[in-house]
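Visitor: I have a model open and would like to learn how to read it. Could you walk me through it?

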Amino acid sequence: MNFIITETQQAILELYKEEVAESVINIQETRKEFEGQATIVVFPITKISKKSPEQTATEIGEYLVAHVEDITKFNVVKGFLNLSIAESYFLKQFNEEVLAPDFGLYPSNGKKVMVEYSSPNTNKPLHLGHVRNNLLGYSVSELLKAYGYDVVKVNLVNDRGIHICKSMLAWQEWGNGETPENTGLKGDKLVGNYYVLFEKKLKEEVSNIFENVIVKNDYDIFFNSKDKESIISKIIKYKELELKKGTLNFNADKNSLEDFGFRAEIFVEEATDGNKLWKNVSKCFDEIEYAHFSDKQKEKNKRDIDYFLKPFIDLEEAILKLKEDITDEIKSQTFLMKKAQQMLLKWEQGDEEVVSLWKTMNEWVYAGFNITYKNLGVDFDKFYYESNTYLLGKGTVDEGLAKGVFFKKEDGSVWIDLTADGLDQKLVLRADGTSVYITQDLGTAEMKHDDFNMDESIYVVGNEQDYHFKVLFLILEKLGKSWAKGLYHLSYGMVDLPNGKMKSREGTVVDADELIESMVTTAREKTEELGKTNDFPQEDKDELYKNIGLGALKYFLLKVEPKKRLLFNPAESIDFQGNTGPFIQYTHARIKSLLAKANYELTATKPAEILPVELEMMLLLAKYPGEIAIAAKAYSPASLANYLYELAKLFNKFYHEVPHILKMEEGAEKQFRLNLCKKTADIIYAGMLILGITSPERM
RNA sequence: GCCUCGGUAGCUCAGUUGGAUAGAGCAACGGUUUUCUAAACCGUGGGUCAGGGGUUCGAAUCCCUUCCGGGGUACCA
């Protein structure tokens, strides 16, 4: 409907003798409660017309109806000019554009984009957080393909480092020769178990030492510590504060405490006994309902309580912080950590035994990951491994020093000063010449560009790394890399559980494989409850349940804007009704069944009459290519997902409103309706594939 | 402390470059099937768009500020 803009510009030129930019003409869809399909917001034009909004709208409306064939009527509501467009215009568009075989397909734009996603660590199985990453990365790749890009999907596997050594060491120590084969465990699960075991044993060792240090004043463990004095003074301070905590009494005004009722006193008792953190006591007070108080009174009580609690909370925080510092130092001095460090060193030196174990265990993990990837339906064109890239970037550091972008401190460490850009000073190379995280990312970025010479590069990584990528891209820009401006961090929010984030320590991690399996099971149960697949062969059933289960999961994760964190409640299964994947899949299957029965063939027709719902459908279908463009430009499948839902919803309305299509007389009306059905199915199918979801023919 | 991202119905989420009376789904309640798949459709109730101030003809959207939550914060990756 771009013609409306140019025609309106013309109208303004004729009426008010002024040329205006396109941006002045603000066109939107007419709201359902008014007549028309397109609405011009005339407020900005009143500055030119020097007339009231109503008068301006009327004048432009009159001009457009008189001069533009496809604009048949207009009405004015306040400053809004609602235009009725001729049905013939939409029908022509539908017949010539929407029904064309290449509708919604973008030709190659000649640009290459790399999408890096997944990037797992090889010490743990994939969990829900990875699932969001994988689905997002895959979908964005498909989206950009659909928009005309040449896409390279890349997985940069973090297969080396101390965390891998932890699994290896634990397996060596306590593994008894377990393998995926002799245990029947998936390789990634087996290796993950040993990582967890290492952390458990480490924790035991640390807490033993901590007891020793505190009770027996045995500081030998810190003999090799870099900053021995500081750590010992922290221990002394810690003991002091612990003593102080024992003598600090809760002196809150008994009256104000009583106002909160007996529960409040219990909270305080619990905290005094050390069974509850003081900072949680404050939160507990928030939860008490005291309906008989006025808001003012509540606020005052809250202030009073917080005032009394503050010394306790402050003391508690100081103690916890000290304890953390001390245990961190102890950790680095433990037997287990030292052994793991030694192993890492051996790995770096290419020690045969260590490297061979590393290879074996990584193979186990890859075999496990491949199963998960296959079940998720994601794939990659190229794998990079950090074991090959971790030494990269030192050349870039030299380059930066030569160009004067980096500087060297007295101790020999290399830095970049980004304070002028509102960031900090950032270390890029340690004094001993070893890399930090960003060193290798600098080098890897360069290598990836050398390998593929892409125009754009997208990193699908969680938002906890926003700062890292900001710095990374800025450094590359300052180094004068022409391709740096094509780098983009597709940052997404964490997946939260009802009680906060997933914590492996608390066993609340939602395992990817288990999640997929439970979705498929739920799909089976729901489908069989409906009795829809009784006549399906077993093979088809299995495939269908997988499609529906994964359809529900993928749609659930992708319909939410990437940057927003999203909430997943494992206790409630993901819905299959309403705004869900299965609803859209169902709509597709419904249409496919209809078309099969109708012996449908695509031909353009001109029906004598078009119903409002049919007009709505033509409009919505025509929007598809634009929706691809919007989603691709925003690197966000979410808007596409919502469009597909709108389309499915509208189709179901249409399906209920029109008389039974199959029973209609052969002719233009029937053909037209079937055309609408066919294109709806096509778009749902294509769009859902971009989301990584297969729409079944029957369900 | 500083930086950053969020806060929209009981719950999960939409809401375009600022545009009309802020929309869906779930949950609740009521209705629709002799007829193309009821995983559907139609209806009812439900809102201080976190609070306050500002810019504007017009603010959920832009600016300032406060509160709440997540994340980051110089040698972990």
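Guide: We will go from the whole chain to its strands and then to its charged surface patches. Please keep in mind that this is a predicted model.

Visitor: How many helices and strands does chain A have?

Guide: Chain A holds 26 helices and 15 strands. Along the principal axes, its C-alpha atoms fill a box of roughly 95 × 70 × 65 Å.

Visitor: What share of the residues in chain A is buried?

Guide: Of the 699 residues in chain A, 50% are buried.

Visitor: Now the strands, please. How do β8 and β9 run, parallel or antiparallel?

Guide: A general idea helps when you look at any strand: in a regular strand, side chains alternate between the two faces of the sheet. In this structure, β8 (residues 407-408) and β9 (residues 414-417) run antiparallel and are joined by 2 bridges. To find the pairing on screen, look for F407, which stands opposite W415 in β9.

Visitor: Which residue takes a positive phi in the hairpin of β8 and β9?

Guide: That is G412, with a phi near 95°. The hairpin has 5 residues between its strands.

Visitor: How many bridges join β9 to β10?

Guide: There are 4 bridges between β9 and β10 (residues 425-429), and these strands are antiparallel. One pair to look for is I416 with its bridge partner K426 in β10. The loop between β9 and β10 contains D424.

Visitor: Why does D424 count as partly exposed?

Guide: The class depends on relative accessible area: under 20% is buried, over 50% is exposed, and partly exposed is in between. D424 is partly exposed because its relative accessible area is 46%. For a sense of distance, the C-alpha atoms of D424 and D227 are separated by 25 Å, while the two residues are 197 apart along the chain.

Visitor: And the charges? Which residues gather in the positive patch on the surface?

Guide: A patch takes in residues with over 30% relative accessible area and no salt bridge, with like charges joined within 9 Å. Here K203, K331, K501, K503 and R505 gather in a patch of positive charge. K503 sits in the loop between β14 (500-501) and α20 (512-530). K503 counts as partly exposed because its relative accessibility is 36%.

Visitor: Which residues form the negative patch?

Guide: E539, D540, D542 and E543 form that surface patch. E539 belongs to helix α21 (residues 538-558). With a relative accessible area of 68%, E539 is exposed.

Note on methods:
Residues numbered from 1 in each chain as written. Chains lettered and ligands numbered in written order. Predicted model: local features only at pLDDT ≥ 70, side-chain atom pairs only at ≥ 80, totals over all residues. Heavy atoms only, no water. Patch = residues over 30% accessible without salt bridge, like charges linked within 9 Å, V, L, I, M, F, W, Y side chains within 5 Å. Areas by Shrake-Rupley, 256 points an atom, 1.4 Å probe, with all protein chains shown as cover. Salt bridge = Lys/Arg side-chain N within 4 Å of Asp/Glu carboxyl O. Lys, Arg positive; Asp, Glu negative; His and termini not counted. Charge placed at Lys NZ, Arg CZ, Asp CG, Glu CD. Buried < 20%, exposed > 50% of the residue type's maximum accessible area, 1.4 Å probe, protein only. Pairing = 2+ DSSP bridges.
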